[in-house]
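Trainee: Got a minute to walk through this one with me?
Mentor: Sure, bring it up.

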Amino acid sequence: MAHDPCASFGIPGIPRRNKEGRDAPEWGGFPGMRCEAAATAGRPSRHPSAPFPPPSFSSSSSSSSSPSLPSLLPAARCPSAAARSVFRGGPGSAARQDRMLFPLPLRAACSLLAWFCLYKWFCHRYRHRNIEWSCRLVTLTHGILATCLSAYIGFIDGPWPLSHPGTPNTTLQVHGLCLSLGYFIFDLCWCVYFQTEGALMLAHHLVSIVGIAASLALGESAADVNAVIFGSEITNPLLQARWFLKELGRYHTFTGDVVDFLFVVLFTGVRIGVGAWLMYCELASPRPRWYIKLGGVIMYVVSWAFMVSICRFARRKSMRKYQAWRSRRSRELGLKTNGHLKSH
């Protein structure tokens, strides 16, 4: 049985029924409380600090003039829908409160400053290396952090992006997007200034910045953008490891072959395979905005452009490996038969 609110005021045994005979609505842990308009109907206004008027038991007074039970209880205001969402911890309530305390542009600026400071520290720490070494270390750091954080958000914290695209942002999702937004701005400026990347990579960074900023501004679709970040960054540590192996002269080893193989497999399976599934769920759902869907399609097209280059690279490397194997096999057979007569 539900708790009777009248019992807490020392008035037991009063049923909680409205005029239609139905149970009074419950809200916010205070069962039976009604709106102030209904609670104060038929009684004069009274200051909250004034004492309750004693009930009249005169037989001459009519039942309409005698004070009713709602007039003896303090009135409770009916909160708005937005207030109920915040009090109950509804979708996006924590993110809205957090956004009011710490504006999103300030978070993005702090993230950009943090990545730039990390880059300068790497430049000082590895001053005997070139500046791209330090930038690659920043990229590797972001790849590891973004992959782990986006995986936790998508697989553990939720919501699941394949079934809930376009949902309101959570506080953790906002933190993750601000972290990546600052990095992409830093890396785009670095690539433009030093002119180290082509138009395809610059387009990838630009679309990422616009998509993250749009999700943060709208307060929704962070689950979708976070899934795209996970698919984009899961192959990034392998890509940076490949570059570092080249710089150290250890690329043409078994370790380099393993890194290349894992990179091709992950890129094909996650960014192309799972990415197609995510894009289908995004386009089929009515919740995301049309420009969020357009951004997802553009990112998938960019992934396919990268995939074409990767396929060409994989084909060239496979052919070189095969030719090297045939040449080595021919030399081994030549050494075995050189100076010896073939048996008949």
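Mentor: We'll take the overall make-up, then the salt bridges, a surface patch and one serine.

Mentor: Keep in mind that this is a predicted model.

Trainee: How many helices and strands are in the protein chain?

Mentor: The protein chain has 12 helices and two strands. From the N terminus, the order is β-β-α-α-α-α-α-α-α-α-α-α-α-α.

Trainee: What share of the residues is buried?

Mentor: Of the 344 residues in the protein chain, 34% are buried.

Trainee: And the accessible surface, what does that come to?

Mentor: About 21,400 Å² for the protein chain. Carbon and sulfur atoms account for 65% of that surface.

Trainee: What about contacts, how many join residues at least 24 apart?

Mentor: Take contacts between residues at least 6 apart in sequence. In the protein chain, 70% of those join residues at least 24 apart.

Trainee: Salt bridges next. What does the count come to?

Mentor: Six salt bridges. As background, side chains of opposite charge can pair when their charged atoms come close.

Trainee: Which residue does Glu132 meet in a salt bridge?

Mentor: Arg136, at 3.2 Å from N to O. Both Glu132 and Arg136 are in helix 6, residues 131–157. They sit four residues apart, about one turn of the helix.

Trainee: Are those two buried or exposed?

Mentor: Glu132 is partly exposed, at 24% relative accessibility. Arg136 counts as buried because its relative accessibility is 17%, and the cut-off for buried is under 20%.

Trainee: Now Lys317. Which residue does it form a salt bridge with?

Mentor: Asp257, with the closest N and O atoms 3.2 Å apart. Lys317 is in helix 12 and Asp257 is in helix 11, residues 254–284, so this salt bridge ties together parts 60 residues apart in sequence.

Trainee: And how do Lys317 and Asp257 stand for burial?

Mentor: Lys317 is buried, with a relative accessible area of 12%. Asp257 is partly exposed, at 26% relative accessibility.

Trainee: What does Lys321 do there?

Mentor: The side chain of Lys321 also meets Asp257 in a salt bridge, 3.1 Å from N to O. That pair again links distant parts of the chain, with Lys321 in helix 12 and Asp257 in helix 11, 64 residues apart. Lys321 is partly exposed, at 44% relative accessibility.

Trainee: Which residues do the shared partners join into one network?

Mentor: Arg242, Asp257, Asp260, Lys317 and Lys321. Salt bridges with shared partners connect them.

Trainee: Changing topic. Which residues gather in the patch of positive charge?

Mentor: Lys246, Arg312, Arg316 and Arg320, on the surface.

Trainee: Which helix gives the most to that patch?

Mentor: Helix 12, residues 290–337, with three residues. Arg320 is in helix 12.

Trainee: Last one, Ser215. Where is it?

Mentor: In helix 8, which covers residues 199–218.

Trainee: Buried or exposed?

Mentor: Ser215 is buried, because its relative accessible area is 0%.

Trainee: What is Ser215 in contact with, leaving aside neighbours within four places in sequence?

Mentor: Asn169, Leu177, Glu220, Ser221, Ala222 and Val225.

Trainee: Quick recap from me, then. Asp257 pairs with Lys317 and with Lys321. The positive patch takes three residues from helix 12.

Mentor: Right. And Ser215, at 0%, is buried.

Methods
Residues are numbered from 1 along each chain as its sequence is written. This is a predicted model: local features need pLDDT of at least 70, side-chain atom pairs count only at pLDDT 80 or more; totals for chains, interfaces and linings use all residues. Side-chain values use heavy atoms; hydrogens and water are left out. Patches are made of residues with over 30% relative accessible area and no salt bridge: like charges are joined within 9 Å, nonpolar side chains (Val, Leu, Ile, Met, Phe, Trp, Tyr) within 5 Å. Accessible areas come from the Shrake-Rupley method with a 1.4 Å probe; for residues, only the protein chains shown count as cover. A salt bridge is a side-chain nitrogen of Lys or Arg within 4 Å of a carboxyl oxygen of Asp or Glu. Lys and Arg count as positive and Asp and Glu as negative; His and the chain ends are not counted. The place of a charge is taken as NZ of Lys, CZ of Arg, CG of Asp or CD of Glu. Buried means under 20% relative accessible area, exposed over 50%, partly exposed in between (1.4 Å probe, protein chains only). Contact means heavy atoms within 4.5 Å.
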